[in-house]
Amino acid sequence: MAATAALVLSAALIAAAPATAGNGDESSSVDTSKLTDAVTVKGIKQHLNRLQAIADQNGGQRASGYAGHTASAAYVANRLERAGYVVTRQKFTFPLFRELSPPTLTQLTPEQKTLETATYEYSGSGDVSGSVVPTNDLVIPATPDPSSTSGCEASDFSAAPSEPAIALIQRGTCTFEAKAQNAAAAGYDAVILFNEGNPGRTDLFVGTLGNPQDIPVVGLSYADAVALVEDIEAGGATARVTTEVEVDLERETENVIADLPASQHAQTPNGGKTLIVGGHLDSVAEGPGINDNGSGSATILEIAEEMSELNLTEKVERPVRFAFWGAEESGLLGAEHYVSTLSSAQRSRIYANLNFDMVGSPNYVRFVYDGDGSSGGPSGPNGSDSIEDVFTDYFAGKNLASSPTDFDGRSDYGPFIEAGIPAGGLFSGAEGIKTAEEAAIYGGTAGAAYDPCYHAACDDITNINDKALLELGDAAAHATAVLAMTKGGVFPDSSVQQQKSESLSGKGHAHTR
């Protein structure tokens, strides 16, 4: 990717050398330099500026189910059609959640005070005053690494009193939905779900419950929860929780999917195996989502346009499909819908999935999805390790460090690896905290979030690190070209067994846990 004037790096970091395909029986060299030179920060930011303008015209957000996302989808579809792709706008419905008024959380006894809170997505509406009852397995003080299983089992809850009561639950291990449902089944009338307390998991935090719930569910910071627990242990505490929400169980949204024209598809030597390059197009309702995930969407769009402009779409060994998923922020719903509508035969014809979700974080790290599980997390389906190598080898060839990030289901690759489809991709960091070791390697600020505007109104056009776009955008273009144009593939088709990967514990990017 060519740098802007403000981002002139050494030639050794910019020039893309021919890449050698990885672990297949046949390997060949693919010169990716034409594409990486053509995909520029300027081009990506042209798309980002348009997404920002769309958000500005639509209440400051581009969330699925709202006009801002529809306008974003129309923009992407128009650009792809102009570039010669056959575009499908795949409609689907999902349960949309909207707050009608801000939530409140007031501690009533032993002293009255207002606590900062927020509503979990798909919380029910309600006004509940009663005793606060913690689960019997809170981890206070929190351990250095996540370990809490609070609320994950029915046995974690004491029997609810006959009068209204509020369950106090700690984040960790299982989904927020499971915790809320277990509390409701135990007879509680509302839930306070507090952050776990490990590094990067201390502030007020809310996520998605996945599906509509009948009782109010609100968030609390770890520090406020610890103080509340101390009051409970000293003699008990009561509180009031209020939420007012609206849920539309049949709100329509869409995925935007772009394919090669049929004539080009038929000419590809490996036409039976399609590479899917995707990322989510929607933002959260709280902001314009320019890094999350305008950055990934804009990068993919730029790659698609430049592949067409360079006539590389006529030279690919296997078809490329570009996908812009909807409703990721509500639980990976667009990618789930897409994969669920495929037959077994159609799934078997997907060669691999590349996912780009946040590639412009201000305090970034060059994270590569850990396809082989070598960092201790779950491994991806066979072939995912070879995709990881494409990225890590590319960065190493540019004298750039990279770090693995777990295949924990945080983004739209999740439904693909659950279906046994090899996957990989890049991630520049979200709400996690940059360590001192990472700051020494990558620069930036230790002790600060990779993206301090993650899921916030300030995730706007000023929240983009151009250097991250340059480096990760180049790598995304390179990997797309390698996987699409390598004759023998980066892994042999016989290695793709279409078996499910190791079980995942939840969809973290949409924050179900």
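## A buried ring

Phe176 is buried, with a relative accessible area of 0%. This is a predicted model. Tyr120 is buried too, at a relative accessible area of 1%. For both residues the label follows from the cut-off, because buried means under 20%.

## Aromatic pairs

The count of aromatic pairs comes to 17. One of them joins Tyr120 and Phe176. Their ring centres are 5.1 Å apart. Their planes meet at 75°, so the pair is edge-to-face. The cut-off for that label is over 60 degrees.

Where do the two partners lie? Tyr120 is in the loop between strand S4 (113-114) and strand S5 (126-134). Phe176 belongs to helix H5 (residues 176-185). The two parts are 56 residues apart in sequence, so the pair ties them together.

## A second edge-to-face pair

Phe356 and Phe391 also form an aromatic pair. How far apart are the ring centres of Phe356 and Phe391? The distance is 6.2 Å centre to centre, with 75° between the planes. This pair is edge-to-face.

Phe356 sits in strand S12 (residues 350-356). Phe391 sits in helix H11 (residues 384-397). The pair links distant parts of the chain, 35 residues apart. Both Phe356 and Phe391 are buried.

## A cluster, and charges over rings

Ring pairs join Tyr120, Phe176 and Phe205 into a cluster. Phe205 has a charged partner as well. The charged end of Arg171 sits over the ring of Phe205, 3.9 Å from its centre.

Another arginine is placed over a ring elsewhere in the chain. Arg318 lies over the face of Tyr351. The distance to the ring centre is 4.5 Å.

## Cis peptide bonds

Which residues does the cis peptide bond with omega of about 5° join? They are Thr109 and Pro110. Pro110 lies in the loop between strand S3 (86-109) and S4.

The peptide bond from Ile140 to Pro141 is cis as well. Omega there is near 0°. Pro141 is found in the loop between S5 and strand S6 (165-170).

## Positive phi angles

Tyr122 has a positive phi, near 75°, and is a residue other than glycine. Tyr122 lies in the loop between S4 and S5, and the loop between S4 and S5 also holds Tyr120. Is Tyr122 buried or exposed? Tyr122 is buried, with a relative accessible area of 0%.

Asn399 also has a positive phi in a residue other than glycine, near 60°. The loop between H11 and strand S14 (403-405) holds Asn399. Asn399 is exposed, with a relative accessible area of 65%. The cut-off for exposed is over 50%, so Asn399 earns that label.

## Helix H3

Helix H3 (residues 41-56) has 16 residues. What span should they give at 1.5 Å a residue? The expected span is 22 Å. The expected value is 1.5 Å times one less than the number of residues. The end C-alpha atoms of H3 are 22 Å apart, which agrees.

The buried residues of H3 are Val41, Gly43, Ile44, His47, Leu48, Leu51, Gln52, Ile54 and Ala55. What do they pack against? Their partners are helix H4 (67-82), helix H8 (290-309) and helix H14 (466-485).

Notes:
Residues numbered from 1 in each chain as written. Predicted model: local features only at pLDDT ≥ 70, side-chain atom pairs only at ≥ 80, totals over all residues. Heavy atoms only, no water. Phe/Tyr/Trp six-rings, centres within 6.5 Å; stacked < 30°, edge-to-face > 60°. Helix = DSSP H or I, 4+ residues; strand = E, 2+ residues; numbered from the N terminus. Buried < 20%, exposed > 50% of the residue type's maximum accessible area, 1.4 Å probe, protein only. Lys NZ or Arg CZ within 6 Å of the ring centre and 35° of its normal. Contact = heavy atoms within 4.5 Å.
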